[in-house]
Amino acid sequence: ANPPVVDSLNQQLRVAFAGVESFLPGEELDEIRYLLQDEKLYRFALTQIISYIHIWFDYLAFRDEIGFYRGRENMSGVSSSTVMLRFICSFIILLYLLDGGNTSWVVLVSLM
């Protein structure tokens with residue numbers, strides 16, 4: 001005896017999964033089904049909220065960094081060795097995550 005909202009949500013999820021089955025391999029679809037179980041739904045929602053906040057902060061940092069470099073004639077106040085070191089560290093982290101194989105594409109895109 002589920003509340004009507006839960007029954008409606010479950011029906012919508014069944015319809016969505018029927019449409020997504022052609023795009024996702026079975027393992028990924030099973031993982032999504034596991035996350036969307038009734039007892040895991042709150043954890044899934046919290047994870048999504050935290051992920052969106054993280055993506056927003058990434059956007060803000062990138063926007064400020066572009067704003068810092070835009071229109072500069074010289075690089076006073078910027079150490080070229082620090083810029084190169086940050087690039088090398090980010091590249092090594094990206095290669096490590098690519099080698100692991102189980103990294104979400106959202107994480108990989110944020111590093112690129």
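Here are some short exercises on this structure, each with a worked solution.

This is a predicted model, in which local features need pLDDT of at least 70, side-chain atom pairs count only at pLDDT 80 or more, and totals for chains, interfaces and linings use all residues. Residues are numbered from 1 along each chain as its sequence is written, and side-chain values use heavy atoms, with hydrogens and water left out.

**Exercise 1. The overall build**

Work out which pattern the protein chain follows along the sequence, and how its radius of gyration sits against the globule rule.

Solution. Start with the elements: helices (H or I, at least four residues) and strands (E, at least two) are DSSP runs, numbered from the N terminus. The protein chain has 5 helices and 0 strands, and reading along the sequence gives α-α-α-α-α. Next comes the radius of gyration, which is taken over C-alpha atoms, while the globule rule is 2.2 Å times the number of residues to the power 0.38. For 112 residues that rule gives 13 Å, but the protein chain comes out at 21 Å, well over it, so the chain is more spread out than a compact globule. Its C-alpha trace spans about 65 × 30 × 25 Å along the principal axes.

Now look at burial. Buried means under 20% relative accessible area, exposed over 50%, and partly exposed in between (1.4 Å probe, protein chains only). Of the 112 residues, 7% count as buried.

**Exercise 2. Checking two helices**

Find out how far apart the end C-alpha atoms of H3 and of H4 are, and compare with the expected spans.

Solution. The expected span is 1.5 Å times one less than the number of residues in the helix. Helix H3 covers residues 41-69. For its 29 residues the rule gives 42 Å, and the end C-alpha atoms are 42 Å apart, so the two agree. Helix H4 takes in residues 80-100; its 21 residues should span 30 Å, and its ends are 30 Å apart, so that agrees too. Then see what follows each helix: after H3 comes Gly 71, with a positive phi near 80 degrees, and after H4 comes Gly 101, with a positive phi near 85 degrees.

**Exercise 3. Hunting salt bridges**

Count the salt bridges, and say which residue pairs with Glu 65.

Solution. Here's the idea first: side chains of opposite charge can pair when their charged atoms come close. The rule asks for a side-chain nitrogen of Lys or Arg within 4 Å of a carboxyl oxygen of Asp or Glu. The count comes to 2. One joins Asp 64 and Arg 63 at 4.0 Å, N to O; Arg 63 is partly exposed, at 45% relative accessible area. Another joins Glu 65 and Arg 86 at 3.4 Å, N to O. That pair links distant parts of the chain, with Glu 65 in H3 and Arg 86 in H4, 21 residues apart. Glu 65 is partly exposed at 35%, whereas Arg 86 is exposed at 52%.

**Exercise 4. A nonpolar patch**

Name the residues that form a nonpolar patch on the surface, and place Met 84.

Solution. Patches use residues with over 30% relative accessible area and no salt bridge; like charges are joined within 9 Å, nonpolar side chains (Val, Leu, Ile, Met, Phe, Trp, Tyr) within 5 Å. Areas come from the Shrake-Rupley method with a 1.4 Å probe, and for residues only the protein chains shown count as cover. The patch is formed by Met 84, Phe 87, Ile 88, Phe 91, Ile 92, Leu 95 and Leu 98, with about 690 Å² of accessible area together. Met 84 sits in helix H4 and is partly exposed at 47%.
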